[in-house]
Amino acid sequence: MWENSAWKYARCPRCYRQELTTWSLQYYNPPSSTMLKLHLGATRYRCAACRCNFASFKPCRDKKIWRRRDPREAPADE
Ligand SMILES: [Zn+2]
């Protein structure tokens, strides 16, 4: 059984771990489905174990990488 709160945190889509870091658009060119999530305000996550880069709307259980969302990062909609 999962903990009650386990479902609400981001986890790796491959190995389901919750030990996540972040990645930069400078170093990884995500698929369009991931880009779409990012444009909608998702957070970039990278699995520390299998190095899978993905995006999720859920917070990470590890608070140290959970930073405030900067509204200026939102893409300009022209
Ligand atoms: Zn993983």
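## A three-stranded sheet and its hairpin

Let us start at the turn: the hairpin of E2 and E3 has five residues between its strands, and Arg 51 there takes a positive phi near 60°. Helices (H or I, at least four residues) and strands (E, at least two) are DSSP runs, numbered from the N terminus. The model is a predicted one, in which local features need pLDDT of at least 70 and side-chain atom pairs count only at pLDDT 80 or more, while totals for chains, interfaces and linings use all residues. Residue numbers run from 1 along each chain as its sequence is written.

The two arms of this hairpin are strand E2 (residues 43–47) and strand E3 (residues 53–56), joined by four bridges in the antiparallel sense. Two strands are said to pair if DSSP finds at least two bridges between them. On the other partner, E1 runs antiparallel to E2 and is joined to it by two bridges. Together the three strands make an open, antiparallel sheet in the order E1-E2-E3. Its edges are strand E1 (20–21) and E3, each of which pairs on one side only.

Arg 46 is a good residue to follow across the sheet. It stands opposite Asn 53 in E3, and Arg 46 of E2 is also the bridge partner of Thr 21.

Most residues other than glycine have a negative phi. Two residues that depart from this are worth a look, and they are set side by side here.

| Residue | Phi | Citation |
|---|---|---|
| Tyr 16 | near 65° | positive, not glycine |
| Arg 51 | near 60° | positive, not glycine |

Tyr 16 is found in the segment before E1, whereas Arg 51 lies in the loop between E2 and E3. For burial, a residue is buried if 20 or more other C-beta atoms lie within 10 Å of its own, exposed if 12 or fewer, and partly exposed in between, with C-beta atoms placed from the backbone. Tyr 16 is exposed, with 10 other C-beta atoms within 10 Å. Arg 51 counts as exposed too, with 12 C-beta neighbours inside 10 Å.

Helix H1 (residues 32–39) is hardly covered, since the number of buried residues among its eight is zero. After H1 comes Gly 41, with a positive phi near 105°.

What makes up the largest nonpolar core? Its seven residues are Ala 10, Cys 12, Leu 20, Tyr 45, Cys 47, Phe 54 and Ala 55. E2 and E3 each supply at least two residues of this core. Such a core is a set of buried Ala, Val, Leu, Ile, Met, Phe, Trp, Tyr and Cys residues joined through C-beta atoms within 7 Å.
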